[in-house]
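Biologist: Got a minute to walk me through this one? I'd like to start with the odd backbone spots and then move on to the rest.

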Amino acid sequence: MSAVHPFGRVLIANRGEIALRIQRACRQLGLETVAVYSEADAQSRHVLEADVALCIGPASAARSYLDADAIILAAKVTGATAIHPGYGFLSENADFAEVVEKAGITFIGPTPESIRLMGDKITAKQTMQASGVPCVPGSDGPLPDNEQAILELATAVGFPVIVKASGGGGGRGMRVVWSADDLIKAVALTRKEAQQAFGNPTLYLERFMQKPRHIEIQVLCDTHGKALWLGARDCSLQRRHQKVLEEAPPPGIPPELIAEIGASCAQACRNIGYRGAGTFEFLYEDGIFAFIEMNTRLQVEHPITEETTGIDIVCAQIEIAQGKPLDIEQSAIHTTGHAIECRINAEDPFSFAPSPGRVSRWDVPGGAGIRLDTHIVAGSAVQPYYDSLIAKVIARGSTRDEAIRRLKVALAELQVETILTNIPLHQALLSDPGFVEGGVDIHHLEHWLAKRE
Ligand code: ADP
């Protein structure tokens with residue numbers, strides 16, 4: 001058994017709402033926090049509320065929140081003995097996790113090996129297939145160079161297919177191909193883009209599912225061999241592959257089916273010696289789950305799982321990094337009620353143009369079942385340099401209907417001036433008959449938006 005490593009100070013290598021979320025968890029565990037920040041964020045709440053704060057560079061993320069050397073130096077200077085990377089920025093960078101550990105600092109996340117294995121989508125899929133996790137049928141490895149061989153592969157999988165970059169991410173490096181005539185050209189184009197965008201021309205292909213839902217399973221694993229799954233989330237409401245609203249549990253999917261897929265995810269974690277929190281992403285169509293990728297970090301939408309299982313995922317991440325065993329059994333984990341999260345972005349609600357600037361009014365919602373995760377207060381500046389997420393409004397109810405009703409009231413209470421936000425989009429969505437019925441596919445939001453134009 002590995003020893004417990006209590007650490008006194010945790011450096012949070014992030015900004016915005018998630019930096020505050022992690023700060024709260026540290027405080028609850030009696031740990032001091034170190035904030036790092038860019039010059040643009042000097043007055044941000046995560047900076048003002050930290051025990052220690054250090055400026056690590058100018059506004060540009062590449063020269064601040066993505067500067068691994070500056071962050072490690074900041075940890076050394078402040079005596080932090082652990083780093084939590086949050087989401088985005090360096091959170092899924094295996095090289096970063098490696099240099100952190102080489103510097104004698106605990107990385108609050110999976111091992112660099114796990115991050116690397118899952119960061120390559122081909123090795124991730126192969127690993128999952130070997131563990132019995134159902135995957136989208138496809139090339140089972142990199143595409144060959146030979147045109148005839150590619151054509152045979154695609155024909156065997158069946159058109160339409162989607163050609164994907166093994167190093168891809170953020171919804172880029174993918175192309176749908178509807179017929180054999182377009183295949184070779186599409187492969188050449190995607191290869192070129194993959195090389196340019198990710199420095200890796202390796203491609204694979206899989207069957208293109210036409211009306212899937214995006215369903216994901218949250219896992220939590222300690223360093224003593226225990227791997228748990230914490231229910232599923234439905235993240236089908238997306239625009240340009242960006243999630244807009246998420247809910248747990250996914251409406252209309254039999255709990256036995258989710259339990260079966262959850263158990264296979266936990267088993268895969270045991271097989272690879274996974275550590276910390278992670279998410280298995282699936283496409284779900286006609287009662288079948290098909291794995292697409294694993295995220296080896298905390299997700300934006302983790303609160304809906306916390307609200308329905310009662311488990312604090314961030315505290316658990318920290319305790320796992322300290323070497324503590326998870327003190328809950330799978331049989332004791334239940335999903336209770338329903339939770340929905342709206343991502344509030346500083347943007348025009350229908351053109352989606354970013355709307356940075358000073359927030360002159362910020363009246364927050366409250367009441368039973370409402371949770372607001374945000375770094376904004378009246379007077380805060382929303383910076384143009386980073387993503388536009390300014391808050392997450394999360395509503396819990398004993399039923400889905402109650403959660404929706406609470407969310408509507410909360411969104412009406414959240415009054416924001418003078419920047420624009422997507423609150424009107426969420427309000428309209430919550431009354432959309434498709435959403436109210438539940439179980440829409442990943443194209444629903446874009447079709448719905450197109451119809452409004
Ligand atoms: P990324 O890492 O860039 O987010 P993913 O592999 O998670 O890439 O895919 C992103 C999105 O692309 C999915 O949520 C889904 O909308 C679509 N997609 C990916 N693979 C398929 C597929 N086989 N069939 C249909 N849609 C797919």
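Biologist: Where does Pro 249 sit?

Modeller: Pro 249 is in the loop between strand E11 (242–248) and helix H9 (255–272). Keep in mind that this is a predicted model.

Biologist: And what's the peptide bond from Ala 248 to Pro 249, cis or trans?

Modeller: That bond is cis, with omega near -5°. There's also a cis bond from Glu 417 to Thr 418, where omega is near -10°.

Biologist: Where is Thr 418 then?

Modeller: In a loop too: Thr 418 lies between strand E20 (415–417) and helix H13 (423–430).

Biologist: Why bother flagging cis bonds?

Modeller: Because most peptide bonds are trans. Similarly, most residues other than glycine have a negative phi. Asp 140 is not a glycine, yet its phi is positive, about 55°.

Biologist: Which elements flank Asp 140?

Modeller: Helix H6 (121–130) and H7; Asp 140 is in the loop between them.

Biologist: H7 again, please. What does H7 pack on?

Modeller: Let me set up the sheet first. It is an open sheet of three strands, in the order E7-E6-E8, with antiparallel pairing. Strand E7 (174–177) and E8 are the edge strands, each pairing on one side only. On average, neighbouring strands here are turned by 25° against each other, ignoring direction. Helix H7 (residues 147–157) packs on that sheet and touches E6 and E8, and its direction makes about 25° with that of E8.

Biologist: How many bridges join E6 to E7?

Modeller: Four, between strand E6 (residues 161–165) and E7, and the two run antiparallel. To pick out a pair, Val 163 has Arg 175 in E7 as its bridge partner.

Biologist: Switching to the ligand. Which residues are closest to it?

Modeller: Gly 169, Gly 171, Phe 208, Met 209 and Ile 292 are the closest, out of 19 residues that surround the ligand.

Biologist: What's the chemistry of that shell, in nonpolar, polar and charged terms?

Modeller: The shell residues split into nine nonpolar, six polar and four charged.

Biologist: Which strands supply at least two residues of the shell?

Modeller: Strand E8 (203–207), strand E12 (276–285) and strand E13 (288–295) each do. E8 is also one of the edge strands of the three-stranded sheet we just went through.

Biologist: OK, and what's the order of the five-stranded sheet?

Modeller: That one is open as well, with the order E3-E2-E1-E4-E5 and parallel pairing. At its edges are strand E3 (52–57) and strand E5 (106–107), each paired on one side only.

Biologist: Zoom in on E1. What stands opposite Leu 11?

Modeller: Val 34 in E2. Strand E1 (residues 9–12) and strand E2 (residues 32–38) are joined by four bridges in the parallel sense.

Biologist: Which helix lies across E1 and E2?

Modeller: Helix H1 (residues 16–28), and H1 lies across strand E4 (82–84) too. H1 runs at about 170° to E1.

Biologist: What does UniProt have on domains, say at residues 125–322?

Modeller: The unreviewed UniProt entry places "domain: ATP-grasp" there. Over that stretch the chain is 36% helix and 31% strand, with the end C-alpha atoms 30 Å apart. UniProt, again from an unreviewed entry, also puts "domain: Biotin carboxylation" at residues 6–450. There the chain is 35% helix and 26% strand, and the end C-alpha atoms are 53 Å apart.

Biologist: And how many helices and strands are in the protein?

Modeller: 15 helices and 20 strands.

Biologist: Last one: how does the radius of gyration sit with a compact globule?

Modeller: It agrees, because a compact globule of 453 residues would have a radius of gyration near 22 Å and the protein has 22 Å. Along the principal axes, its C-alpha trace spans about 60 × 50 × 45 Å.

Definitions and conventions. Residues are numbered from 1 along each chain as its sequence is written. This is a predicted model: local features need pLDDT of at least 70, side-chain atom pairs count only at pLDDT 80 or more; totals for chains, interfaces and linings use all residues. UniProt positions are given in the numbering used here, feature names are shortened, and annotations may be inferred rather than shown by experiment. A residue is near a molecule or strand if its C-beta atom, placed from the backbone, lies within 6 Å of it. Ala, Val, Leu, Ile, Met, Phe, Trp, Tyr, Cys and Pro count as nonpolar, Asp, Glu, Lys and Arg as charged, and the others, Gly among them, as polar. Two strands pair if DSSP finds at least two bridges between them. Axes are lines fitted to C-alpha atoms, for helices over the stretch in contact, and angles run from 0 to 180 degrees between N-to-C directions. Two residues are in contact if their C-beta atoms, placed from the backbone, lie within 7 Å. The radius of gyration is taken over C-alpha atoms; the globule rule is 2.2 Å times the number of residues to the power 0.38.
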